[in-house]
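Please open the model in your viewer and keep the selection tool at hand. The tour below goes from the sheet to the helices and then to single residues.

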Amino acid sequence: MIPISSRQIKKKTYYVLLSQGGQYKGCYTTVQATSLDKAKMAVIERFGLLNYGGIERDELRAKALIKAFGLKPVEEAREML
């Protein structure tokens, strides 16, 4: 990564809740990105617009939503197929 100035840009972890009606139904994943917009673009490029559900930055809220909806990681769901 080429820094904008003398300091490095820190990447943040975003929790991606995938669409409940798409191919990745009942799944979530994480994305490392420098901003929310870049995280959204990475998700759309990787999973497609129809599978995009939402992105959470707050870890506690994301884990609460994952637990409430009973979501599984994308990698674990692929093994079940």
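In what order do the strands of the open sheet lie, and is the pairing mixed? This is a predicted model, and in it 4 strands form an open sheet in the order E3-E1-E2-E4, with mixed pairing. To find the borders of the sheet, select residues 52-56, which are strand E3, and then residues 72-73, which are strand E4; these are the edge strands, and each of them pairs on one side only.

Next, add residues 27-33, which make up strand E2, and look at how this strand runs beside E4: the two pair in the parallel sense over 2 bridges. If you pick tyrosine 28, you can follow the bridge across to its partner in E4, which is proline 73.

Now turn to the helices. Select residues 36-47 to show helix H1, which packs on the sheet and touches E2, E3 and strand E1 (12-18), while its direction makes about 130 degrees with that of E2. Then select residues 59-69 for helix H2, which lies across E1, E2 and E3 and runs at about 25 degrees to E1.

From here, go to single residues, beginning with threonine 29, which is found in strand E2. Is threonine 29 buried or exposed? Its relative accessibility is 7%, and the cut-off for buried is under 20%, so threonine 29 counts as buried. Leaving aside residues up to four places away in sequence, threonine 29 touches Tyr14, Tyr15, Val16, Arg46, Phe47, Val74 and Glu75, and showing these as sticks will display its surroundings.

For the next stop, select glycine 48, which lies in the loop between H1 and E3. Glycine 48 has a relative accessible area of 23% and is therefore partly exposed. If you also select glutamine 23, you will have two residues that are 25 apart in sequence, with their C-alpha atoms 9.8 Å apart in space.

Finally, show the whole protein again. Read along the sequence, the elements follow the pattern β-β-α-β-α-β-α, and there are 3 helices and 4 strands. Buried residues make up 33% of the 81 residues, and the accessible surface comes to about 5,900 Å², of which 54% belongs to carbon and sulfur atoms. Among the contacts between residues at least 6 apart in sequence, 52% join residues at least 24 apart.

Conventions: Residues numbered from 1 in each chain as written. Predicted model: local features only at pLDDT ≥ 70, side-chain atom pairs only at ≥ 80, totals over all residues. Heavy atoms only, no water. Buried < 20%, exposed > 50% of the residue type's maximum accessible area, 1.4 Å probe, protein only. Contact = heavy atoms within 4.5 Å. Areas by Shrake-Rupley, 256 points an atom, 1.4 Å probe, with all protein chains shown as cover. Pairing = 2+ DSSP bridges. Axes fitted to C-alpha atoms, helices over the stretch in contact; angles between N-to-C directions.
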